[in-house]
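Reader: Please take a close look at one single part of this model and then follow the thread outward from there. I would like the criteria behind each term spelled out as you go.

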Amino acid sequence: MKTATMALLFVAATASAHVAPLESFETKPILADLKDLRALNIPVLAKDERIEVGYAIVTPLMQQRIQERAHQVGKCGGFEDLSQDVMLHSKGFDKMLQSLADIQEKNELYERAPFKILSLTKDARIEAALTEVSESNLRSYVTWLSSFPNRNNRDPQPNRHVDEMKQRLEAMLGNATIPYEISIIGHTSTKQNSIRVRLPGSERPNEIVVLGGHLDSINQSWGGDKAAPGADDNASGSANLIEALRILMNKEQPKRTVEIFWYAGEESGLLGSAEIAKQYKAEKKDVVAVLQLDMTLFPGSGELVIGSMTDFTSAWLRDYLKAMNETYLHARVVDDKCGYGCSDHASWNRQGYPALMPFEATFRNSNQNIHTAKDVISPASNFKHSAVYTKIALVMAMDLANSQARQPY
Ligand code: BES
Ligand code: ZN
């Protein structure tokens, strides 16, 4: 009976081998787990005990056995094929130990690297959510927010727009199909309030993904019109967050908690975010990632060119932005610097939390009308460009907030 089963297995293996690529019939040089090679009695021609890797020349049957064993212990592949390795062919077997040492060194470098290469697996639900982002919604939110005379924290009525925003968010959230909490956050450094919408995580609610931007505006020009419409700075980022929330509230509840902030008093020195980040740190809150959206409407470096600020941000999250760009955004990401703590991400960074700031352009190509009465929707405003930043928020809420990924250092 046993022999019959083995014969059957052999036939099955032979049959399936007919459809396998021709090279799988070749005897080839490989690198494999030393333990696997030993367990299978495969002659080890060279080895590195430290990394438990062995070099062997294996027949097709040996290859099959290694693969079967690897699958049994939950690994895939089982070995690394070196038959195409140019260095091995040109320098020959006697260089094999050197090659193993090189691999060891590479592994060590990889482990020590400030971040690891990331890639995102395309998720159809995320792709579908991204198509829901509406440019006309973004335009109407920016139109509404920039219609206030100003949103300055030093205005005698610093919370007019904050209160109205809260009412609008509550009306929108009336249609939510996942749990949420909305709160007004008061501050000691300013009379203006921040707003937070919390989408509690279903599995790991203590792990928080923060998405934020400042809701206030300022006019710093001399004399003339003192209105501060702040369409780009930062009705645009605020609108991106409203639109992200509108889409998220009817999706699956995230496994991690997602918190969306509209901060107070950024223009007077990062006031709201500084207090919030300090408080979170004092309460030892586990903030896994912070996204800052501040100015997303003026495509100064070209449509769909994103400036990724490298100061006061995390290398891991900047790498994550590049990975999500490959998978979902198909824009261009260009590294740049503000040169100072130019927005609320710096508040979180100062407390040791990993932050990301994807910006409308490079610093020097950004909107020159900010902090004046001229920061209004204009023919230069580009809502298709701005929509990408809502997509970044959505990927962070639907991919990162559903994963176990965190900054590896
Ligand atoms: N949105 C700006 C920051 C900005 C401006 C970034 C131009 C890149 C290009 C932000 O609202 C702001 O004005 N920040 C202040 C600094 C803050 C600490 C008061 C600034 O840049 O002066
Ligand atoms: Zn500003």
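Author: A good starting point is ligand 1, where an oxygen atom lies 2.9 Å from a polar side-chain atom of Glu267, a polar contact being a pair of N or O atoms within 3.5 Å. The model is predicted, with local features needing pLDDT of at least 70 and side-chain atom pairs pLDDT 80 or more, while totals for chains, interfaces and linings use all residues. Residues are numbered from 1 along each chain as its sequence is written, chains are lettered from A and ligands numbered from 1 in the order written, and side-chain values use heavy atoms, without hydrogens or water.

Two further side chains approach ligand 1 through polar atoms: an N or O atom of Glu266 is 2.7 Å from an oxygen atom of the ligand, and a polar atom of Tyr340 is 2.6 Å from an oxygen atom of ligand 1. Of the 510 Å² that ligand 1 exposes when taken alone, the protein buries 82% (Shrake-Rupley areas, 1.4 Å probe). In total 17 residues surround the ligand, with Asp294 and His371 also among the closest (a heavy atom within 4 Å). Sorted by class, this shell holds 8 nonpolar, 5 polar and 4 charged residues, where Asp, Glu, Lys and Arg count as charged, Ala, Val, Leu, Ile, Met, Phe, Trp, Tyr, Cys and Pro as nonpolar, and the others, including Gly, as polar.

Turning to a loop, Ala373 sits between β13 (358-359) and α13 (383-398), the elements being DSSP runs of at least four residues for helices (H or I) and at least two for strands (E), numbered from the N terminus. Ala373 is partly exposed because its relative accessibility is 23%, which falls between the limits for buried (under 20%) and exposed (over 50%), again with a 1.4 Å probe and protein chains only. Beyond neighbours within four places in sequence, Ala373 is in contact with Asn219, Asp225, Ala227 and Pro229 (heavy atoms within 4.5 Å). Pro229 is 144 residues away from Ala373 in sequence, yet their C-alpha atoms are 6.2 Å apart.

Helix α13, which follows that loop, gives 11 residues, the most of any contributor, to the largest nonpolar core. This core has 67 residues, and Ile392 and Met396 are among those with the most contacts inside it (buried Ala, Val, Leu, Ile, Met, Phe, Trp, Tyr and Cys joined through side-chain atoms within 4.5 Å). Met396 is in contact with residues including Leu211, Leu291, Tyr320 and Leu356.

Technical notes: Polar contact = N/O pair within 3.5 Å; in protein donor to acceptor, adjacent residues only side chain to side chain.
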